[in-house]
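Student: I am new to this structure and would like a guided tour. Could we take it one question at a time?

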Amino acid sequence: MLLRITQFGEPILKQKGEPVTVFDDGLKKLAADMLEAMYEADGIGLAAQQIDKAIQLFVMDLQVREREVDFQYTLDGRTPPLDLIMPLAMVNPEVEAFGEEQPYDEGCLSFPGVRGNVIRPSQVRVRYQDLDGQSHTLECDGIFARVILHENDHLQGVLFIERMHPDTLRGQESKLKKLKRASRDFLKRRR
Ligand code: NI
């Protein structure tokens, strides 16, 4: 089933996700459905809030960007080939960010047409569980770190526009207003 991606203005996007405690086939199916929706929308990351569920789960796949951008990573102290670890689902992530702060032009599937520079630390260390409940530690930089920070924000109910410089945000205001209006109409119809 192709899941609908929630849009800016829908309250679920501002909701912090509950920890995941049950690692069953339902969770695996949900992650697979999220990946399907993400690929369909041509994205590289998707958080549970974006498919209308406030839980601590996001998915990502960097394979399409591998040749474009350099990044390094270790997973549990090793560096397996990227295609062995992607697509990646992270459950109950605990993220530590460090390193130099860097700007990067970000977009978000819940904000079609909206883009802008967001400044974030360049490295992360994340402890998370996989879909079987096994714990892992991933360290990475570059776009890998960037996607984890963006998606982890979603899990806290934090949106990338909240991290944009006010000048950057001002340039996106009319698009944001349009999105908000569309969401209001959508929510009204759904009621
Ligand atoms: Ni996003």
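Tutor: Gladly! One term comes before the rest: helices (H or I, at least four residues) and strands (E, at least two) are DSSP runs, numbered from the N terminus. Please also keep in mind that this is a predicted model.

Student: Thanks! With that term in hand, in which strand is asparagine 92 found?
Tutor: Asparagine 92 has a positive phi of about 50° although it is not a glycine. Most residues other than glycine have a negative phi. The residue with this backbone angle is found in strand β4.

Student: Does asparagine 92 count as buried or exposed?
Tutor: Buried means under 20% relative accessible area. Asparagine 92 has a relative accessibility of 14%, so it counts as buried.

Student: How many bridges join β4 to β5?
Tutor: These two strands run antiparallel. One residue pair to look for is glutamate 94, which stands opposite arginine 127 in β5. The number of bridges joining β4 to β5 is twelve.

Student: Over how many bridges do β5 and β6 pair?
Tutor: Here the pairing is again in the antiparallel sense. Valine 126 stands opposite leucine 138 in β6. In the hairpin of β5 and β6, with five residues between the strands, glycine 133 takes a positive phi near 90°. The count of bridges between β5 and β6 is seven.

Student: How far apart in sequence are the parts that glutamate 96 and arginine 125 tie together?
Tutor: Glutamate 96 and arginine 125 form a salt bridge, with their closest N and O atoms 3.3 Å apart. Glutamate 96 belongs to strand β4 (residues 88-106) and arginine 125 to strand β5 (residues 116-129), so the parts tied together by the pair are separated in sequence by 29 residues.

Student: Which side chain does glutamate 139 meet in a salt bridge?
Tutor: Glutamate 139 is partly exposed, at a relative accessible area of 33%. Its salt bridge has an N to O distance of 3.6 Å. The partner side chain is that of arginine 125. Glutamate 139 lies in strand β6 (residues 135-141) and its partner in strand β5, so this pair ties together parts 14 residues apart in sequence, and the partner is arginine 125.

Student: What is the relative accessible area of arginine 125?
Tutor: The class called partly exposed lies between under 20% and over 50%. Arginine 125 is in that class, with a relative accessible area of 29%.

Student: What separates aspartate 167 and arginine 170 along helix α4?
Tutor: Their side chains meet in a salt bridge at 3.0 Å, N to O. Aspartate 167 counts as partly exposed at 48% relative accessibility, whereas arginine 170 is exposed at 52%. Because the two are three residues apart in helix α4 (residues 166-170), their separation is about one helical turn.

Student: How many salt bridges does a search of the whole structure find?
Tutor: Side chains of opposite charge can pair when their charged atoms come close. In this model, Glu106, Arg120, Arg146, Asp153 and Arg163 are linked in a network of such bridges. Searching the whole structure gives a total of 13.

Student: Is glutamate 106 buried or exposed?
Tutor: Glutamate 106 lies in strand β4. Its C-alpha is 9.3 Å in space from that of valine 147, although the two are 41 residues apart in sequence. With a relative accessible area of 3%, glutamate 106 is buried.

Student: Which residues form the positive surface patch?
Tutor: Let us start with one member, lysine 177, which is found in helix α5 (residues 173-190). Lysine 177 is exposed, with a relative accessible area of 55%. The full patch is formed by Lys177, Lys178, Lys180, Arg181, Arg184, Lys188 and Arg191.

Student: Where is the place of proline 87?
Tutor: Most peptide bonds are trans. The one from methionine 86 to proline 87 is cis, with omega near -5°. Proline 87 has its place in the loop between α2 (82-85) and β4.

Student: And where is aspartate 52 found?
Tutor: Aspartate 52 is not a glycine, yet it has a positive phi of about 75°. At 37% relative accessibility, aspartate 52 counts as partly exposed. This residue is found in the loop between β1 (45-47) and β2 (57-60).

Conventions. Residues numbered from 1 in each chain as written. Predicted model: local features only at pLDDT ≥ 70, side-chain atom pairs only at ≥ 80, totals over all residues. Heavy atoms only, no water. Patch = residues over 30% accessible without salt bridge, like charges linked within 9 Å, V, L, I, M, F, W, Y side chains within 5 Å. Areas by Shrake-Rupley, 256 points an atom, 1.4 Å probe, with all protein chains shown as cover. Salt bridge = Lys/Arg side-chain N within 4 Å of Asp/Glu carboxyl O. Lys, Arg positive; Asp, Glu negative; His and termini not counted. Charge placed at Lys NZ, Arg CZ, Asp CG, Glu CD. Buried < 20%, exposed > 50% of the residue type's maximum accessible area, 1.4 Å probe, protein only. Pairing = 2+ DSSP bridges.
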